Structures are given as structure tokens and as C-alpha cells.
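Reader: Hi there! Please take a close look at one strand residue and its surroundings for me, and then follow the trail outward from that spot. I like to know the cut-offs behind each term.

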Amino acid sequence: MRKVVLYIAMSLDGYIADKRGGVSWLSGQDISIESQNNGGYGAFVATVDSVVMGYTTYHQVVTELAPGAWPYTGLKSYVLTHKQLSADDNVMAVSQPVTELIKQLRQQTGKAIWIMGGASIGRPLIATDLIDEYHLTIIPILLGAGVRLFEGQSQQIPLRLVTSTSDNGMLDCVYKRR
């Protein structure tokens, strides 16, 4: 069965987007320094072949973060939406519940499945305990308000810290279920 990994950045106070839904704050403490490790991103991407995201995250990628060039070429990308997307062999619009999609993808052969975001995608998977690994990059900023990933979490999910590294004030932590 394929592993499901939530790989996401969040502020020190637990937000994955600011109060306007923006992510322009995603950087280390010194913006003039290029991060060396970048949260282990390159090594992580080599372990996945599928990426799952909601429409808001998809829209941020194509309009703000990487306009003009899909940054996940080579990965099968699933966007949970009822909207039509541009024709692309690497990006597929999916309208079923995320929990059902993940259960189906887990049964297929392949590498790990990357849960990219946002909260509407992550929360149901956390609530149904479908996340095998949490890869969280803590950004050195207090936003005070915004979109919380773990809001409404009612049950305990015991985790074990596997690794932690820091780079330019960003703390990269990998947790697995105990």
C-alpha cells in the first residue's frame, strides 16, 4: 500500500495561509539568503509520483508561485474541484471526496502520494487517519490569523518525530504515526 505524506509549510502559530489566503510569507528569516536544504524538498519529491491539492492551492501555483510553468511535471497531479481546468496530461480535475481518492490511489502501485494542500484537503485526511507521514516546515513568522491546518481536530493521533533540520530559521520536521 502506498504511503500518504502531508508535506506543507506553516507559520509558527499554525497557519498555512494568511487571513487573505496568501502565502507570500513563505521564506526564511533572512530573505537575502538562499536556503541550502529547502526543507529537503528535492529528496522528498524523488519519493513521490502523485500530488493531491485543492483548487485554491492549484490556483495559487498557476497564478502566483509558478505562473507559466507547471512545477510538478513528471508527477500525476490531482486537483479536487468541480471547475474545468486547462487541458494538461499531468493535471487531472477530480470531483470525488478526497478520502475516496486517497483510498483508491493507495491501492495502485507507485511511489508515495503527496498531500500538498490546503486545509480543506488535509483536514478530512487527518480526521480519517489517512496520513502516514507529516512533513511540516515551520516558517519563522507569527501571522496571528489565517487558515489553520489543524483547526477542528478532535481526536488524538500519536506521532513519532523521525527527523528535524533547520535552515535559515525554518524548522523542517518529519513525523510518522506511532
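Author: Happy to! A residue is called buried when its relative accessible area is under 20%, exposed when over 50%, and partly exposed in between (1.4 Å probe, protein chains only). What you see is a predicted model, in which local features need pLDDT of at least 70 and side-chain atom pairs count only at pLDDT 80 or more, while totals for chains, interfaces and linings use all residues. Residues are numbered from 1 along each chain as its sequence is written, and side-chain values use heavy atoms, with hydrogens and water left out.

Let us start at Ser-50, which sits in strand β3; helices (H or I, at least four residues) and strands (E, at least two) are DSSP runs, numbered from the N terminus. With a relative accessible area of 4%, Ser-50 is buried. Contact means heavy atoms within 4.5 Å, and beyond its neighbours within four places in sequence, Ser-50 touches Arg-2, Leu-75, Lys-76, Tyr-78, Ala-112, Ile-113 and Trp-114. With Arg-2 there is also a side-chain polar contact of 2.9 Å. That term stands for a pair of N or O atoms within 3.5 Å; within protein, one must be able to donate a hydrogen and the other to accept it, and residues adjacent in sequence count only if both atoms are side-chain atoms.

Arg-2 leads us further. This residue is itself buried, at 6% relative accessible area, and it forms a salt bridge with Asp-49, where the closest N and O atoms are 2.5 Å apart. Because Arg-2 lies in the segment before β1 (4-11) and Asp-49 in strand β3, the pair ties together parts that are 47 residues apart in sequence. Asp-49 is partly exposed, at 23%. A salt bridge here is a side-chain nitrogen of Lys or Arg within 4 Å of a carboxyl oxygen of Asp or Glu, and the structure holds seven of them.

Strand β3 (48-54) has another role in the packing: it is among the elements that cover the buried residues of helix α2, alongside β4 (76-80), β5 (91-94) and β6. Those buried residues of α2 (residues 55-65) are Thr-57, Tyr-58, Gln-60 and Val-61. They share one side of α2, because they span an arc of only 160° around the axis, the arc being that of the directions from the helix axis to the C-beta atoms.

For contrast, here are two other salt bridges. Asp-132 pairs with Arg-106, with 2.6 Å between the closest N and O atoms. This pair joins the loop between α4 and β7, home of Asp-132, to helix α3, home of Arg-106, across 26 residues. Both Asp-132 and Arg-106 are buried, and they belong to a salt-bridge network with Asp-129 and Arg-177. Asp-129 is worth a glance for its backbone too: its phi is positive, about 55°, although it is not a glycine.

The other example is Lys-103 with Glu-100, whose closest N and O atoms are 4.0 Å apart. The two are three residues apart in helix α3 (residues 98-107), so about one helical turn separates them. Lys-103 is partly exposed at 43%, and Glu-100 is partly exposed at 36%.
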